[in-house]
Amino acid sequence: MISFTKVVHMVTALALTFISLAGLYVVLNAEFVAVVQILIYAGAISILMIFGIMMTKHREGEEEEPKRPWHNGPLFVGAAGLFGIIFYAIQKTELPAGQFPQVQDNTLEIGKLLFNAHVLPFELMSVLLTVAFIGAIIVAKREED
């Protein structure tokens with residue numbers, strides 16, 4: 001996503017990333033979370049981002065920043081070094097073996113946790129999303145004037 005220059009291509013790559021993450025959830029036997037991932041992130045947020053792109057003005061023919069090919073070498077060395085450090089840390093870490101009870105209904109357990117133990121963060125997140133949506137409308141109205 002970061003290497004694209006057009007914003008619509010970036011949003012498409014981000015949606016593909018969200019769908020890929022949903023595939024990982026399916027592999028982990030969390031089907032409900034996978035469906036929610038596709039519906040909310042890949043669907044709603046990507047469409048919201050595209051509407052935001054359509055509402056803003058983009059000037060054609062803007063001068064692009066000159067490309068710096070010499071950045072690719074240190075970037076690759078840094079990424080490989082970070083990968084090596086993380087790989088080494090994962091290989092040397094000893095995780096305790098534990099037994100986790102297999103639940104029959106993932107959706108029921110998620111609902112119990114969401115609406116009992118984590119109800120305050122859930123409500124705060126809904127307020128935050130509402131405020132962000134109202135802010136986006138205000139910014140769009142200002143650009144229109």
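**Pocket, patch and salt bridge**

Guide: α2 (31-55), α4 (106-117) and α5 (119-144) each contribute at least two residues to the lining of the largest pocket. Keep in mind that this is a predicted model.

Visitor: How much space lies in the largest pocket, and which residues are closest to its centre?

Guide: The largest pocket holds about 810 Å³ of space. Its lining has 22 residues, and V36, I40, Y41, M125 and L129 are the closest to the centre.

Visitor: Which helix supplies the largest share of that lining?

Guide: Helix α2 does, with 9 residues.

Visitor: What is the chemical make-up of the lining of the largest pocket?

Guide: The split is 18 nonpolar, 4 polar and no charged residues. Asp, Glu, Lys and Arg are what would count as charged. The lining therefore includes none of those four types.

Visitor: What secondary structure does the protein have?

Guide: The protein has 5 helices and 0 strands. Along the sequence the pattern reads α-α-α-α-α.

Visitor: What share of the protein is buried?

Guide: Buried residues are 9% of the 145 residues. To be in that group, a residue needs under 20% relative accessible area.

Visitor: Why is M55 called exposed?

Guide: The cut-off for exposed is over 50%. M55 has 53% relative accessibility, so M55 passes as exposed. This residue is found in helix α2.

Visitor: Which residues join M55 in a nonpolar surface patch?

Guide: I47, I50, F51 and M54 do, and together with M55 they make a patch of about 520 Å².

Visitor: What makes M55 eligible for that patch?

Guide: A patch residue needs over 30% relative accessible area. At 53%, M55 clears that bar. Met is also among the nonpolar side chains that can be joined, within 5 Å.

Visitor: Why is V35 called partly exposed rather than exposed?

Guide: V35 sits in helix α2. Its relative accessibility is 48%. Exposed starts over 50% and buried lies under 20%, so V35 falls in between.

Visitor: How do you know that Y25 is not buried?

Guide: Y25 has a relative accessible area of 25%. Buried requires under 20%, so Y25 counts as partly exposed. Its place is in helix α1.

Visitor: How far apart are Y25 and V35?

Guide: They are 10 residues apart in sequence and 9.0 Å apart in space, C-alpha to C-alpha. For Y25 and Q37, the C-alpha separation is 8.8 Å across 12 residues of sequence.

Visitor: Where does N29 lie, and what is its phi?

Guide: N29 lies in the loop between α1 (7-27) and α2. Its phi is positive, about 60 degrees, although N29 is not a glycine.

Visitor: How many salt bridges does the structure hold, and which side chains take part?

Guide: It holds 1 salt bridge. The side chains of E109 and K112 form it.

Visitor: What makes the contact of E109 and K112 a salt bridge?

Guide: The rule asks for a side-chain nitrogen of Lys or Arg within 4 Å of a carboxyl oxygen of Asp or Glu. Here N to O is 3.9 Å, so the contact qualifies.

Visitor: How are E109 and K112 placed along their helix?

Guide: They are 3 residues apart in helix α4, which means a separation of about one helical turn.

Visitor: Are E109 and K112 buried, partly exposed or exposed?

Guide: E109 has 31% relative accessibility, and K112 has 41%. Partly exposed lies between 20% and 50%, so E109 belongs there, and so does K112.

Notes. Residues numbered from 1 in each chain as written. Predicted model: local features only at pLDDT ≥ 70, side-chain atom pairs only at ≥ 80, totals over all residues. Heavy atoms only, no water. 1 Å grid on protein atoms, 1.4 Å probe; cavity = no way out; pocket = protein on both sides within 12 Å on 5 of 7 lines; lining within 4 Å. Points joined across faces, edges and corners; volume = space filled by probe spheres on them. Helix = DSSP H or I, 4+ residues; strand = E, 2+ residues; numbered from the N terminus. Patch = residues over 30% accessible without salt bridge, like charges linked within 9 Å, V, L, I, M, F, W, Y side chains within 5 Å. Areas by Shrake-Rupley, 256 points an atom, 1.4 Å probe, with all protein chains shown as cover. Buried < 20%, exposed > 50% of the residue type's maximum accessible area, 1.4 Å probe, protein only.
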